[in-house]
Structures are given as C-alpha cells and as structure tokens.
Amino acid sequence: MSAPALELDHVTKRFGDFTAVRDLSFAHQAGRILGFLGPNGAGKTTTLRMMLGLMKPDEGSLRILGQNPGRVRDRIGYLPEERGLYKRMRADAVVAYLAQLKGLDRTTAYGRAHAMLNRFGLSQFARVRVEGLSKGMAQKVAFIATLAHDPEVLILDEPFSGLDPLNRQSFEGAIRNLARDGKTILFSTHTMEQAERLCDHLIILAHGNKVFDGTLSEAHRLLPRRARIGAEADLGFLRNLQGVASVAPPTPEQPCWDIALKEGADGGALLAACFEQRVALSHFDLSEPSLQDVFVSLAGREAQGPQ
Amino acid sequence: MRRALLVARSEFLKYVTRRGFIISLVMFPIWVVIGGVVPQWIESKTPTRNFTVVDRTGGQYAFAIAKAARDDAEIAERDALSAYAETHLDMNALRARLPAIAVILDTQSEDTETLAQFRKAGGTQGVVSLTEPFHKDKVAFVPPRPRFHFLPPGNLAKTSEGMFALTVNERLSGSDSLYAIVSIPKGFSAAKDSPEAEFWSVNASDPELEHFVRRALTEELRRQALAKYAPDVPPETFKPNAKLRAFDPAASSGDHELSLADQARTYAPAVLAFLLLLTIFMNAGALLSGVIEEKSSRIVEVMLSCVTPVEFMAGKLLGAAAASLLTLILWAAMLLIGAGLFLPGAVSNIGGLLTSILATGLLPMLLLCFVCGLLIYASIFLAIGSMATSIQDAQALVGPTMILVMAPLIMMPALLHDPNGTIATVLSWIPVYTPFFLMFRLPWHPPAAEIVGATILMLATTVLLVIQMGRVFAAHVLTAERPPRLGALIRRALGRT
C-alpha cells in the first residue's frame with residue numbers, strides 16, 4: 001500500500017484553555033473520498049486549517065502528501081464554506097488570480113479558467129463580476145478556482161451548502177470523477193446523506209475528539225439493525241430469541257414494537273416466531289441504521305461525556 | 001411608534017456600549033488640549049528672531065524698523081500684562097485708585113494712545129511696580145519673549161555691495177544667531193523707480209519677519225510722504241508699497257534672489273509630507289474594510305492557503321504604496337494638464353518648478369521617506385483590520401491611531417518657524433514621525449549626522465514595524481474573536497506571546 005495522502009499523528013490544538021482538537025490521528029489514502037463529519041464546534045474547521053498550513057498544531061504532526069502542509073501549498077485546493085471570492089473581480093480573473101498564486105503562469109491560468117468555466121457551463125459569465133452571479137454560479141466559480149491549478153488534494157468545507165438539488169447532483173458527479181482521476185478528497189459536511197452517497201472513508205469528530213474512523217459499512221455496524229412490528233398482541237416473547245438485543249413496546253410517538261437485532265441476526269426469525277405464536281401483524285419493516293443514526297448516537301454520547 | 005422606540009433603544013445601547021464610543025468621549029478633551037495648548041506651547045518655544053538692518057540711506061529706515069520691533073515687543077508685553085492683571089490683580093480697587101493705569105490694562109488694542117500711556121507709566125517695569133499693592137496673590141509677572149529683536153549691523157554696514165552676499169552668508173550661518181539681514185539701498189523711496197530693499201534669510205518658510213519689515217518700511221514711507229506733501233491728509237488715504245525682495249544665501253540663482261523655484265524647492269517636501277498624511281487617511285479606510293471583508297467572507301483562508309501571512313501582508317502593503325505613488329503622479333499630471341488647458345503660460349513655469357525640485361537631488365530621499373511613512377502606517381492599519389471582526393470593532397482601534405497620525409499636522413507651525421530648532425529635531429527622532437519631519441526638514445540642511453541617523457532610524461522602524469504588525473496580522477487574521485486588549489496587543493507585537 002502506498003503512503004497515505006493525509007496523515008495526522010496525535011494532533012492537538014488549543015486556544016487558551018479550550019482544546020479544539022484532542023489527540024487526533026488518522027490516515028487517508030490517495031484517490032479516495034474522506035467525509036469529515038461532526039457537529040458545530042467539533043474541531044473540523046481547526047483541523048482543516050491545520051491541514052492547509054494556516055495553523056500549527058500544539059502537539060503532534062501532520063503530513064500532507066508526505067510533507068509538511070506549508071511545503072505542499074500549491075498541491076492542495078481549498079474551498080471554504082462561504083464563497084471565498086473577491087466580489088468585485090470578474091469570474092475568469094478570480095479563478096486565474098488564485099491559480100497564479102498556486103504557481104501557474106498568467107497565460108496558463110487564464111487558459112485553464114476559461115476552459116473550466118466552459119466545462120461547468122459558465123463561459124458566458126466569464127467576464128461578469130462575482131457579485132453579479134447567483135449563489136449557485138458563484139459556488140461553481142469557487143469550485144473551479146479550487147481545481148484550476150490541478151491539485152492532488154482537495155479540501156472542501158461544506159461544498160454543497162446553498163446549492164439547489166440539480167447543482168448538488170452535478171457537484172457530486174464532479175467530485176466522484178475527481179476521485180476516479182486519483183485526486184484525494186476530503187470534505188466536511190453536516191449532511192449525512194451526501195456523506196453516505198460519496199464517501200469511502202468517514203471520520204466523525206465531536207468536541208475535539210475522534211469518535212469514529214472507518215468505512216460506511218463499519219459505521220453502519222456500530223448500531224444494531226432494527227425491526228418495527230405493528231401488532232395488538234404483546235411481543236415480549238421475542239426477547240427470548242437468540243439474535244434479539246432488545247424489545248421496546250409501542251409508545252404514542254412510535255406505535256410499533258421496536259426490536260434491536262444483534263450483529264448477524266436474521267430478521268426472518270422474528271417473522272417466523274410471530275407466525276408460530278399466531279400473532280396478527282399490521283406492519284413489519286427491517287432497516288439498517290442510517291449514518292444519521294450513527295452520527296447522532298456517537299456525537300450525542302460524546303456530548304454526554306464519560307458516565 | 002413603540003416599535004421604532006424599541007429599535008431606537010437597541011441602537012442607542014449598541015452605540016454607547018462600543019469601545020469606540022468611550023474612546024471618542026475620552027479623545028475629545030485630549031483633542032481640545034492638543035489643539036489649544038500645543039500651538040501656544042509652540043509659540044512660547046519659538047525663539048526670538050534676531051535681525052539687523054544695513055541702511056545705506058542714512059539710517060532713517062533702520063531706525064523705523066527697530067522702533068517697530070520695539071513697539072511690537074511692548075504691545076505684546078502690555079497685552080500679557082493685561083491678561084495677567086485680570087487674574088492676579090484686584091482690578092476694581094485699581095480702577096478706583098489708579099484709573100489711568102487701569103485703562104492701560106483694560107484696553108486690548110494696539111492704539112498708539114494706550115501705548116503712549118503705557119510708556120509714560122514706565123512700561124512693563126513701571127506698571128508692575130505701580131500695581132504691586134493690588135496683588136491678589138504672589139504670582140509674579142513674566143514678560144513674554146519678544147518676536148523680533150533688532151541688533152546693530154556692526155561691520156556689515158561697512159561691507160561693500162560687491163562683498164555683501166558673501167558676508168551675509170557668513171553672518172546668517174555664523175554663531176551670532178542672526179536670523180535675517182535687511183539691506184536698504186541708497187535712494188530707497190516710495191518712487192516707482194526706487195531700488196528695492198532686500199530681505200536676506202535662510203528660512204524662507206517663515207515669512208513673519210519679512211512681512212513685519214515690509215509693514216514697517218511701508219509705514220515709514222507713508223510717514224515721510226505725509227510729512228512732506230500732505231500733512232493734513234489722514235494717513236489711511238495714502239498707501240505706498242515698500243519694495244522688498246526676499247533673498248536666500250542658499251538660493252539657486254546667481255544673485256541669491258529667492259525665486260519661485262527656490263520657494264518650490266522649499267515647500268515641495270512640506271507639500272509631500274501633507275500629501276503623505278492625505279494618502280494615509282485615504283488608504284486607511286480601504287485597507288481596513290478590505291481586511292475585514294476578507295475575514296468575514298473567509299477569502300482570507302483561501303488566500304492563506306496560497307501564500308504565507310507575511311507574503312499576504314507584504315503584497316497588501318506594496319499594493320497600497322504603488323497605488324499611492326500612482327495617485328501622486330496622477331495629481332501632478334492633472335495639475336499640468338489643467339494648467340495647460342486654462343493657464344497656458346503657467347505650464348512652462350510648472351515645468352521649471354518640477355525641474356528645480358528634481359535638480360535639488362532631494363527626490364530619492366523624499367520618496368524614501370514617503371514610502372517608509374506609508375508602510376509604517378499602512379502596516380498599523382492592516383494589523384488593526386486583522387484584529388477587527390467588523391467596522392465598528394475597527395473604529396475603536398482606529399481612533400487613537402488617527403490621533404497619532406494627526407499629530408504632525410499640529411506640529412507643522414513649529415517646523416515652519418524653526419525647521420532646525422529643538423522641537424523639530426526632537427520630533428524627527430520619534431520613530432513614527434521620522435518620515436514626516438525628516439522629509440519636511442531636508443531643504444533646510446539639517447546636520448548630516450542627523451540625516452543619516454534619522455534615515456537609519458526610519459528604515460529600522462519601517463522594517464521592525466512591518467514585521468511586528470505582520471505578526472499581529474498573522475495571529476488575528478483567522479480569528480473571529482473581539483480585538484484583544486491594548487496590553488495583550490503590545491505583548492503580541494513584541495513577540496512575547
């Protein structure tokens with residue numbers, strides 16, 4: 001296996017008495033998409049800033065493409081949550097300006113700017129000032145500015161915020177294509193559905209601590225599969241089945257019995273047991289836990305602190 | 001209406017709880033003190049200007065000018081005495097027992113009758129001793145320093161006209177503190193073809209004595225004419241004009257006459273110093289709002305992912321300096337174009353003036369001062385912008401900085417009076433003011449060691465301040481916290497945190 005594109009080793013960052021990031025370690029391989037998840041104040045932005053070389057860790061070390069972040073500035077593309085563009089500059093000029101700051105010469109930078117604006121359907125807006133563009137168009141221009149110098153690592157902070165569903169879909173496609181081309185992508189988000197659709201690797205932070213580091217399927221395995229069964233009869237007997245972790249009776253909010261299954265348990269055994277007991281069922285569904293459930297569970301547990 | 005009042009209350013509270021509001025409250029009395037006390041202090045520190053008159057007509061004009069200087073000093077003493085009496089004497093008792101003296105002290109004017117009474121009473125000494133019993137306290141009267149003091153010409157009177165310029169140069173730059181020499185040629189009169197009197201001085205920026213001499217000569221010409229031709233005509237109806245030309249031993253022309261070019265050479269640095277202030281005021285807002293906008297829209301993160309904070313700040317400073325220099329060039333070009341369009345004859349004059357300024361060789365030094373001054377203040381404003389999260393935050397820090405920037409304007413009169421005096425010299429060694437005052441003083445040939453020392457100080461200040469403000473900029477430009485307290489800021493600028 002090749003050396004990781006992103007590597008953090010016991011990184012801690014403090015602001016006075018407040019620890020924003022605590023002992024964070026992870027590694028991420030090139031050509032994959034890393035979802036960086038966490039509630040507000042989890043330490044995501046601070047970690048991103050350290051990866052960009054904008055801040056230095058108080059403890060630990062960061063390696064981007066095997067080097068200190070400050071040394072590979074030109075090989076990283078960064079898209080902040082807000083647009084991060086000069087409003088009074090023209091779309092092509094701002095893309096070319098940032099590309100030149102990343103090391104391209106003027107001619108190449110303008111050439112790339114126009115080619116990419118064209119590819120994203122913005123060629124007729126190339127000479128329009130950023131302040132004259134719609135929010136979606138400005139976001140596209142910012143995305144183009146992030147890519148114009150052909151970076152190997154892309155750090156995207158909430159890249160989909162403020163986008164309509166069509167533009168969101170087009171951005172997702174673009175990000176998948178970039179990963180397919182071998183780019184290393186890290187994006188932070190609050191939107192779990194996007195992380196589920198895009199990411200190969202997930203990291204969840206809460207209160208400065210890493211609470212999860214793994215793949216989507218590993219995340220799903222953190223919580224039990226659940227069955228929801230609608231029935232007039234008492235289903236307490238299901239507790240005696242081998243693969244059942246817990247059985248909760250209906251509540252005014254949840255009119256079905258809620259049965260949590262152990263890892264590898266067969267949902268069909270529940271149905272079979274109900275038929276055996278001649279219980280009349282009005283509803284039955286078996287579901288995987290969503291990333292949202294995992295996130296809420298992990299972030300909530302962290303928020304409560306050690307018991 | 002109720003809702004409007006609710007909004008008003010909220011706005012009022014927001015306004016009065018800002019640090020800027022408190023600082024502006026405190027600043028007002030500081031400004032009053034600076035604006036009221038400093039000019040008086042400068043005036044009191046201005047040395048008496050010693051001068052002499054070489055009168056080749058027989059002495060009547062020298063006598064008239066010397067008398068005018070003496071009158072001027074007496075009027076100043078009488079006015080000071082009058083102000084002193086108001087506070088320290090029992091004026092009611094004085095008016096009752098010595099009405100003639102009380103009239104002298106009550107009248108605030110230059111009229112000859114009051115002055116004559118003042119002299120009759122024995123001048124300052126006489127009035128002080130006569131009013132001794134009316135003292136309310138033990139504060140003694142201190143007479144003001146006279147503005148001008150006439151000295152006898154000594155050997156100068158015997159100098160031939162051919163050697164006069166050389167001797168004048170020696171005397172004005174010599175150790176006898178002679179500020180100016182007035183030369184009245186033979187045949188000087190109010191006639192149209194009269195030869196002109198000459199006013200020799202090495203400080204063309206201070207025309208006070210020149211105007212005084214011109215007025216004294218005019219008065220003497222009027223007195224003579226009235227005595228000779230029309231003793232019954234009221235003096236105001238006859239207005240001769242004394243011909244007096246200014247000369248400077250250092251002037252560029254062969255005969256040392258103070259030409260327009262010499263005046264341009266003298267005033268150009270002052271104008272440039274003023275333009276530097278103007279440019280700083282113009283740039284301050286742009287620099288501040290630029291950084292605040294970059295912070296609030298997170299452009300700064302994108303920029304700092306491309307360049308280092310030092311590169312970012314250096315780029316901003318250089319951009320501001322280049323824009324300011326372009327502004328200067330465009331102003332000069334607009335002046336030339338405007339003159340070309342509306343005053344065609346003036347173009348060659350302006351061209352000549354520019355050439356004479358260039359010929360002094362001061363331009364590189366002036367530009368260095370200009371750029372250093374700009375970098376010093378621009379770096380301060382950038383650091384302020386980096387610490388602020390809003391324009392309101394920035395205002396709290398800009399107020400005191402503006403006081404700092406404005407100070408040279410208040411001190412300008414002191415420099416005009418005495419460009420190489422103690423005040424000017426001390427001000428030149430205050431690091432943040434060195435660019436202004438060094439620039440201003442260059443035409444008056446301050447000692448070479450002072451120029452070298454002040455230049456080194458200015459360059460060192462510029463480099464040090466840009467680096468330290470760069471640290472403040474780098475530390476704050478990514479934070480969204482309120483500006484730190486002054487102590488923390490200074491510690492950070494000194495690199496102690």
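**Figure 1. Surroundings of Gly59(B) in the predicted model.** Gly59(B) lies in the loop that links strand 1 (49-55) to helix 3 (60-88) of chain B. With 13 other C-beta atoms within 10 Å, Gly59(B) is partly exposed; the class of buried residues would require 20 or more such atoms, and that of exposed residues 12 or fewer. A distance of 9.1 Å separates the C-alpha atom of Gly59(B) from that of Ile184(B), a residue 125 positions away along the chain.

**Figure 2. The four-stranded open sheet of chain A.** The strands are arranged in the order 11-12-10-13, and their pairing is antiparallel. Strand 11 (244-248) and strand 13 (281-287) of chain A occupy the edges; each has a single partner strand, so one side of each is left without a neighbour in the sheet. On average, neighbouring strands of this sheet are turned by 15 degrees against each other, direction ignored.

**Figure 3. Pairing of strand 10 with strand 13 in chain A.** Strand 10 (residues 226-231) of chain A runs antiparallel to strand 13 of chain A, and the two are joined by six bridges. Arg226(A) has Ser287(A), in strand 13 of chain A, as its bridge partner.

**Figure 4. Packing of helix 2 against helix 4 in chain A.** The axes of helix 2 (residues 91-101) and helix 4 (residues 135-147) of chain A come within 8 Å and cross at roughly 30 degrees. Helix 2 of chain A is therefore roughly parallel to helix 4 of chain A, a description applied to angles under 35 degrees. The crossing of these two helices is right-handed. Helix 2 of chain A contributes Ala91(A), Val94(A), Val95(A) and Leu98(A) to the contact, while helix 4 of chain A contributes Val141(A), Ile144(A) and Ala145(A). Classified by residue type, the contact of helix 2 with helix 4 of chain A comprises seven nonpolar residues, with no polar and no charged residues.

**Figure 5. The three-stranded open sheet of chain A.** This sheet has the strand order 2-1-4 and antiparallel pairing. Its edges are formed by strand 2 (18-28) and strand 4 (59-64) of chain A, each of which pairs on one side only. From one strand to the next, the twist averages 20 degrees.

**Figure 6. Pairing of strand 1 with strand 2 in chain A.** Strand 1 (residues 6-15) of chain A is connected to strand 2 of chain A by seven bridges, and the two strands run antiparallel. Opposite Arg14(A) stands Thr19(A), which belongs to strand 2 of chain A.

Definitions and conventions
Residues are numbered from 1 along each chain as its sequence is written. Chains are lettered from A and ligands numbered from 1 in the order in which they are written. This is a predicted model: local features need pLDDT of at least 70, side-chain atom pairs count only at pLDDT 80 or more; totals for chains, interfaces and linings use all residues. A residue is buried if 20 or more other C-beta atoms lie within 10 Å of its own, exposed if 12 or fewer, and partly exposed in between; C-beta atoms are placed from the backbone. Two strands pair if DSSP finds at least two bridges between them. Axes are lines fitted to C-alpha atoms, for helices over the stretch in contact, and angles run from 0 to 180 degrees between N-to-C directions. Angles under 35 degrees count as roughly parallel, over 145 as roughly antiparallel, 65 to 115 as roughly perpendicular and the rest as oblique. A crossing is left-handed if the near helix is turned anticlockwise from the far one by less than a right angle, and right-handed if clockwise. Two residues are in contact if their C-beta atoms, placed from the backbone, lie within 7 Å. Ala, Val, Leu, Ile, Met, Phe, Trp, Tyr, Cys and Pro count as nonpolar, Asp, Glu, Lys and Arg as charged, and the others, Gly among them, as polar.
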